Amino acid sequence: MRKIVIAGNWKMNKTVAESVKLATDVVAAAQGIRSVVVIIAPTYLALAKVAEVVQGSNVKLAAQDVHWENQGAFTGKVSADMLKEIGVEYVIIGHSEQRTYFGETDATVNKKVRKVQSLDMTPIICIGETLAERKDGRLESVLTTQVNGAYEGLAADDALRTIIAYEPVWAIGTGVTASDDEAQQAHAFVRSLLAIRYGEDVAQSISIQYGGSMKPENAAGLLAQTDIDGGLIGGAALKADSFLGIVTPGESISK
Ligand code: PGA
């Protein structure tokens, strides 16, 4: 049995006051949600206030990134224990925007995954190919490198405490979504990589989210695919009704 996990990645959007408002709306709208794991990821700045809003609800809190060191001279960064202290349970790691603009590599992804797990938080590990890589026929090699890099040194028990987000970079924020088939094929391939590393049982237990212009109109089709176990949502997560329009179809799906 895999959980359906739908996470809203708010990126660099919403002031603290706006974040509190959106979180309040999401908590109210998600009250009846039973089986889908609902997660929101505000900016670092808004996390503490949003933590108060989600407390006692069925909405979980994620951070959008983390540093792998405990503390020290790392201007601009936030450590895992700082996140843990305020109630963060999930951390998005290796998002393509981090990889493209801020020098994230598979090696730093791996360090962050280990740090987050050492504090019993769950990493949401983002992977995905660019359009040029897909056109060059490098989809599988890119995903193989990213998965192997992220899971380097992780035992099967650790792997079971991870979530993957497959996000084709060409679909992020562009309005272009991978077709149900394209997404399913990539997800099945990612799961096969996990099976090679950890065996079929472990691979079948890890939730793999799809991300990239997922919205209420295409959510049901994507979530119905065998190996798609949720979504990492950017633009459509910035309003409670469109976010719940993605969460709700997940309620009637079991994997
Ligand atoms: P999008 O972003 O839904 O706006 O395409 C998804 C993501 O980057 O996680």
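In strand 5 (residues 122–127), T122 is the bridge partner of Y90; strands here, like helices, are DSSP runs (E, at least two residues, for strands; H or I, at least four residues, for helices), numbered from the N terminus. The model is a predicted one, in which local features need pLDDT of at least 70 and side-chain atom pairs count only at pLDDT 80 or more, while totals for chains, interfaces and linings use all residues. Residues are numbered from 1 along each chain as its sequence is written, and side-chain values use heavy atoms, with hydrogens and water left out.

Strand 5 is a convenient place to start on the sheet pairings. Four bridges join strand 4 (residues 90–93) to strand 5, and the two run parallel; strands are taken as paired if DSSP finds at least two bridges between them. On another side of the pairing list, strand 5 is also matched with strand 6 (residues 163–166), again in the parallel sense and over four bridges. Within this pair, I125 has I164 of strand 6 as its bridge partner, and I127 stands opposite Y166. Six of the six residues of strand 5 are buried, so this strand is largely enclosed by the rest of the structure. Buried means under 20% relative accessible area, exposed means over 50%, and partly exposed lies in between (1.4 Å probe, protein chains only). The side chains of strand 5 alternate: T122, I124 and C126 point one way, P123, I125 and I127 the other way, and all are buried.

Strand 6 shows a similar layout. I163 and A165 point one way from strand 6, whereas I164 and Y166 point the other way, and all of them are buried. Strand 6 continues the pairing to strand 7 (residues 208–211), to which it is joined by three bridges in a parallel arrangement. Here Y166 reappears, with Y210 of strand 7 as its bridge partner.

Further pairing is found between strand 2 (residues 37–41) and strand 3, which are parallel over three bridges. I40 is matched with L61 in strand 3. Four of the five residues of strand 3 (residues 59–63) are buried, so strand 3 is largely enclosed by the rest of the structure. Strand 8 (residues 230–233) contains L232, which is buried at a relative accessible area of 3%. The C-alpha atoms of L232 and I208 are 9.7 Å apart, with these positions 24 residues apart along the chain.

For the chain as a whole, twelve helices and eight strands are assigned. The radius of gyration is 17 Å, close to the 18 Å that the globule rule gives for 255 residues, so the chain is as compact as a globular protein of that length. This radius is taken over C-alpha atoms, and the globule rule is 2.2 Å times the number of residues to the power 0.38. The C-alpha trace spans about 45 × 45 × 35 Å along its principal axes, and 54% of the 255 residues count as buried.

Attention now turns to the ligand. Around the ligand are 13 residues, of which K11, H95, E167, G173 and S213 come nearest; a residue is near if one of its heavy atoms lies within 4 Å of the molecule. This shell divides into four nonpolar, seven polar and two charged residues. In this grouping Ala, Val, Leu, Ile, Met, Phe, Trp, Tyr, Cys and Pro count as nonpolar, Asp, Glu, Lys and Arg as charged, and the others, Gly among them, as polar. Polar contacts (pairs of N or O atoms within 3.5 Å) involve oxygen atoms of the ligand. A polar side-chain atom of H95 lies 2.6 Å from one such oxygen atom, a polar backbone atom of S213 is 2.7 Å from a ligand oxygen, and a polar backbone atom of G235 is 2.9 Å from a ligand oxygen. Taken alone, the ligand exposes 280 Å², and the protein buries 95% of that, with areas computed by the Shrake-Rupley method using a 1.4 Å probe.

Two of the listed neighbours also have notable backbone angles. K11, in the loop between strand 1 (5–9) and helix 1 (16–29), has a positive phi of about 50 degrees although it is not a glycine. S213, in the loop between strand 7 and helix 11 (216–223), likewise has a positive phi, near 55 degrees, in a residue other than glycine. S213 is buried, with a relative accessible area of 16%.

Key: A polar contact is a pair of N or O atoms within 3.5 Å; within protein, one must be able to donate a hydrogen and the other to accept it, and residues adjacent in sequence count only if both atoms are side-chain atoms.
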